[in-house]
Amino acid sequence: MVAGMATLKLNLSAFSSSMSSYTASSSSSSFPSLLSMRTPSSAKPRFFRIYALTSNDIKVGTNLEVDGAPWRVIEFLHVKPGKGAAFVRTKMKNYITGNTVEKTFRAGSSIDQADIYKETKQFTYKDGAQFVFMDLSTYEEFRLGEKEIGDRTKWLKEGMDCTLLLWNGKVIDVDLPITVKLTVVDVDPGLKGDTAQGGTKPATLDTGAVVNVPLFVNVGDEILVDSRTGQYMSRA
């Protein structure tokens, strides 16, 4: 019995030693490391953006970089004359100056797309002639002047989330929500029996904007307005 137990212990010891040797050998030569499996030498970047276009890609809303400035295409026309090379005639607006120019590109010619990206920021307050937008996660402020905002100021309300357009780290434009909710602060009182199919009357909103509203709308009513057209949509 004692001899049998001694033999069993000896065999287990030999088996353990053999497995340790096999594990060390396998980890060093037979199997690749986890690191090499996750990061092969041929790995490519996850994000890769190309800004090169040709004039054939031009459409309304295309952002181009011309002479070191960002432009937005507002009109375009592909022209194929009976004689001569085809070309693309465009009307573009400069994001920085607001100037509008006409420019022609040879069909198929290479052009540069402006690296313009969008970020959502909240309009927090007006500081003199500047409108201050804030990133609510970093509290970083972005400012636009009255010239850049233009007549959109009449739809801009504190606490409104807007989309800022940035180029080279600078804010160059802002997009307001298509539908904005505003409050009527001054309007002639509605008359009993007025309906949505009736006439309209001018109403002053809390941003100073004046819109035509149905006769049944009264002071204190919240209404929805299309910021692109300035037209009344409905009561909120």
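Which residues line the second largest pocket? In this predicted model, that lining consists of Arg 152, Trp 155, Val 174, Asp 175, Leu 176, Ile 178, Ser 227 and Arg 228. The chain that carries this pocket has three helices and 16 strands, and buried residues make up 29% of its 236 residues.

**The chain as a whole**
- Among contacts with a separation of 6 or more, 44% join residues that are 24 or more positions apart.
- About 15,700 Å² of the chain is exposed, and carbon and sulfur atoms supply 53% of that area.

**The largest pocket**
- The largest pocket has a volume of about 510 Å³, and of the 21 residues that line it, Arg 72, Lys 93, Tyr 95, Arg 152 and Asp 173 lie nearest its centre.
- Two or more lining residues come from each of strand S3 (69-79), S4, strand S7 (116-127), helix H3 (146-149) and strand S11 (170-175).
- Sorted by class, this lining holds seven nonpolar, six polar and eight charged residues.

**The second largest pocket**
- The second largest pocket has a volume of about 180 Å³, and its lining divides into four nonpolar residues, one polar residue and three charged residues.

**Thr 90 in strand S4**
- Thr 90 belongs to strand S4, which spans residues 87-94, and it counts as buried because its relative accessibility is 2%, where the cut-off for buried is under 20%.
- The side chain of Thr 90 reaches the backbone oxygen of Lys 103 at 2.7 Å.
- Leaving aside residues up to four places away in sequence, Thr 90 touches Ile 58, Glu 75, Phe 76, Val 101, Glu 102, Lys 103 and Phe 105.

Technical notes:
Residues are numbered from 1 along each chain as its sequence is written. This is a predicted model: local features need pLDDT of at least 70, side-chain atom pairs count only at pLDDT 80 or more; totals for chains, interfaces and linings use all residues. Side-chain values use heavy atoms; hydrogens and water are left out. Helices (H or I, at least four residues) and strands (E, at least two) are DSSP runs, numbered from the N terminus. Buried means under 20% relative accessible area, exposed over 50%, partly exposed in between (1.4 Å probe, protein chains only). A polar contact is a pair of N or O atoms within 3.5 Å; within protein, one must be able to donate a hydrogen and the other to accept it, and residues adjacent in sequence count only if both atoms are side-chain atoms. Contact means heavy atoms within 4.5 Å. Accessible areas come from the Shrake-Rupley method with a 1.4 Å probe; for residues, only the protein chains shown count as cover. On a 1 Å grid over the protein atoms alone, a cavity is a set of points where a 1.4 Å probe fits but cannot get out, and a pocket is an open set with protein on both sides within 12 Å along at least five of seven lines; lining residues have an atom within 4 Å of a point. Grid points are joined across faces, edges and corners, and a volume is the space filled by probe spheres set on the points. Ala, Val, Leu, Ile, Met, Phe, Trp, Tyr, Cys and Pro count as nonpolar, Asp, Glu, Lys and Arg as charged, and the others, Gly among them, as polar.
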